[in-house]
Amino acid sequence: MRRPFEVNLDGWVDRTVNAIREQVGSDKVVCGLSGGVDSSVSAMLVHKAVGSQLECIFVDHGLMRLNEPELVMNSYKDMGLSVRHIDAADLFLTELKGVTDPEQKRRIIGKTFIDVFEAEAKKIGGVKWLLQGTIYPDIVESGTDGKGLVKSHHNVGGLPEHMNLKLLEPVRDLFKDEVREVAKMINMPESFVKRQPFPGPGLGVRCLGELTKPRLDTLRQADAIFREELKAAGIYDDIWQSFCVLLPVSAVGVADGNRTYGQAVVLRAIHSLDAMTAEWVKIPYDVLDKTAKRICSEVKDINRVVMDVTSKPPATIEWE
Ligand code: XMP
């Protein structure tokens with residue numbers, strides 16, 4: 001993807017921090033943090049500019065990976081950000097009960113996020129600005145540049161109209177690799193600089209079919225094993241995005257001579273530069289073999305592991 005304008009990262013941080021300080025003045029800013037590099041870098045830039053005038057909210061939708069909410073909150077604390085952790089997992093699952101259509105799931109997750117965020121932001125009071133970690137590809141893929149909608153990314157649009165806040169999007173001109181460069185420049189922890197992109201709706205777009213706590217837990221366990229094995233093989237940091245997808249189908253298998261009727265997960269790993277196109281990663285067979293054996297023996301109910309060997313296009317990176 002090409003950008004119709006140039007971005008020079010030399011001196012970009014100072015220019016951006018100064019611009020934020022000038023724009024915001026003595027106003028209060030609120031920010032929804034997702035644990036991802038885009039929103040975290042945005043928050044750190046505003047924190048540099050206006051310090052404690054920034055208040056962050058982490059809406060925990062229960063769709064994060066294994067142990068991720070705790071890890072993310074600890075990192076924010078270390079970075080000196082003031083963050084409210086709102087555990088809304090039960091509410092999200094209630095709203096999503098019985099829903100299987102991908103776009104409807106996305107809409108519900110987006111709307112519930114807005115409701116929870118808005119209620120919490122109101123408690124802060126006197127807020128004038130909403131900070132968002134929107135990056136350039138989000139704007140293009142969400143059709144806000146006048147082209148067709150691919151998927152309704154839940155972090156683009158919606159909030160400002162509801163809340164009557166002015167919008168602050170310090171990284172909206174940047175691609176993901178540039179956001180990572182900025183993260184390095186401002187000395188953010190490695191865990192953020194290297195963190196693979198993770199979609200706003202989280203495991204909601206990787207757990208196909210109805211989202212239930214047991215199905216999400218199954219996916220979380222399989223996903224954690226895949227990540228562990230990629231790390232053990234020393235290839236995790238070279239992969240742009242890797243994850244498991246839980247399929248809404250059952251498959252026949254055999255265990256100890258008995259028939260099983262279990263669930264199937266997909267392993268997905270891709271290389272990309274800007275998420276607009278992607279190539280599937282040729283993971284060594286021994287890593288795949290160990291991952292599949294571990295998933296089937298350690299995750300209850302899973303008896304089949306398959307690999308997604310499609311690039312983007314024609315597939316998208318996420319399955320929903
Ligand atoms: P797709 O599946 O459209 O994904 O090829 C492109 C990139 O965007 C991520 N993604 C999202 N990120 N909110 C986000 O912040 C979303 O709703 C969303 N949906 C997909 C995806 O993980 C990939 O990196």
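This briefing describes the sheet, the nonpolar cores, the salt bridges and the unusual backbone geometry of the structure above. The model is predicted. An open sheet of five strands, paired in parallel, runs in the order β3-β2-β1-β4-β5. The largest nonpolar core holds 84 residues, and domain 1 (12–193) and domain 2 (206–307) both contribute to this core, so it lies between them. The count of salt bridges comes to 25.

**The sheet and the helices across it**

- In the open five-stranded sheet, with its order β3-β2-β1-β4-β5 and parallel pairing, the edges are formed by β3 (83–87) and β5 (166–168). Each of these two strands has a single partner strand, so one side of each is left without a neighbour in the sheet.
- From one strand to the next, the twist averages 30 degrees.
- Strand β1 (residues 28–32) pairs with strand β2 (residues 54–60) in the parallel sense, over four bridges. Within this pairing, Glu55 of β2 is the bridge partner of Val30.
- Helix α1 (residues 12–24) lies across β1, β4 (127–131) and β5, and runs at about 170 degrees to β5.
- Helix α5 (residues 102–124) lies across β1, β2, β3 and β4, and its direction is at about 145 degrees to β2.

**Nonpolar cores**

- Val30, Val41, Leu45, Leu54, Leu81, Phe117 and Ile295 are the residues with the most contacts inside the largest core of 84 residues.
- Helix α2 (residues 37–50) supplies the largest share of this core, eight residues.
- Both domain 1 (12–193) and domain 2 (206–307) give residues to the core, which therefore lies between them.
- Leaving aside residues up to four places away in sequence, Leu54 touches Val29, Cys31, Ala43, Val46, His47, Leu81 and Leu131.
- A second, separate core has ten residues, among them Leu208, Ala264, Val266 and Ile270.

**A buried threonine in helix α5**

- Thr112 is placed in helix α5.
- With a relative accessible area of 5%, Thr112 falls under the 20% cut-off and is therefore buried.
- Beyond residues up to four places away in sequence, Thr112 touches Leu91, Phe92 and Glu95.

**Salt bridges**

- Arg84 and Glu55 meet through their side chains in a salt bridge, at 3.2 Å from N to O. This pair links distant parts of the chain, since Arg84 is in strand β3 and Glu55 is in strand β2, 29 residues apart.
- The two partners differ in exposure class: Arg84 is partly exposed, with a relative accessible area of 26%, whereas Glu55 counts as buried at 18% relative accessibility. Glu55 is also the β2 residue that serves as bridge partner of Val30.
- Glu120 forms a salt bridge with Lys123, with 3.0 Å between the closest N and O atoms. Both residues belong to helix α5, and because they are three residues apart they are separated by about one helical turn.
- Within that pair, Glu120 is buried, with a relative accessible area of 10%, while Lys123 is exposed, with a relative accessible area of 60%.
- Asp223 and Arg227 form a salt bridge in which the closest N and O atoms are 3.0 Å apart. These residues lie four apart in helix α10 (residues 213–232), so about one helical turn separates them. Asp223 and Arg227 are both buried.
- Glu228, Glu229, Lys290, Arg294 and Glu298 are joined into one network by salt bridges that share partners.

**Unusual backbone geometry**

- Most residues other than glycine have a negative phi, and most peptide bonds are trans.
- The peptide bond from Lys312 to Pro313 is cis, with omega near -10 degrees. Pro313 lies in the segment after β9 (302–307).
- Pro313 and Pro314 are likewise joined by a cis peptide bond, with omega of about 10 degrees. Pro314 is also placed in the segment after β9.
- Asn67 has a positive phi of about 60 degrees, although it is not a glycine. This residue lies in the loop between β2 and α3 (68–78).
- Asp256, which is not a glycine either, has a positive phi of about 50 degrees. Asp256 sits in the loop between β6 (241–255) and β7 (258–272), and at 79% relative accessibility Asp256 counts as exposed.

Key: Residues are numbered from 1 along each chain as its sequence is written. This is a predicted model: local features need pLDDT of at least 70, side-chain atom pairs count only at pLDDT 80 or more; totals for chains, interfaces and linings use all residues. Side-chain values use heavy atoms; hydrogens and water are left out. Two strands pair if DSSP finds at least two bridges between them. Axes are lines fitted to C-alpha atoms, for helices over the stretch in contact, and angles run from 0 to 180 degrees between N-to-C directions. Contact means heavy atoms within 4.5 Å. A nonpolar core is a set of buried Ala, Val, Leu, Ile, Met, Phe, Trp, Tyr and Cys residues joined through side-chain atoms within 4.5 Å. Buried means under 20% relative accessible area, exposed over 50%, partly exposed in between (1.4 Å probe, protein chains only). Domain bounds come from an automatic or database domain assignment. A salt bridge is a side-chain nitrogen of Lys or Arg within 4 Å of a carboxyl oxygen of Asp or Glu.
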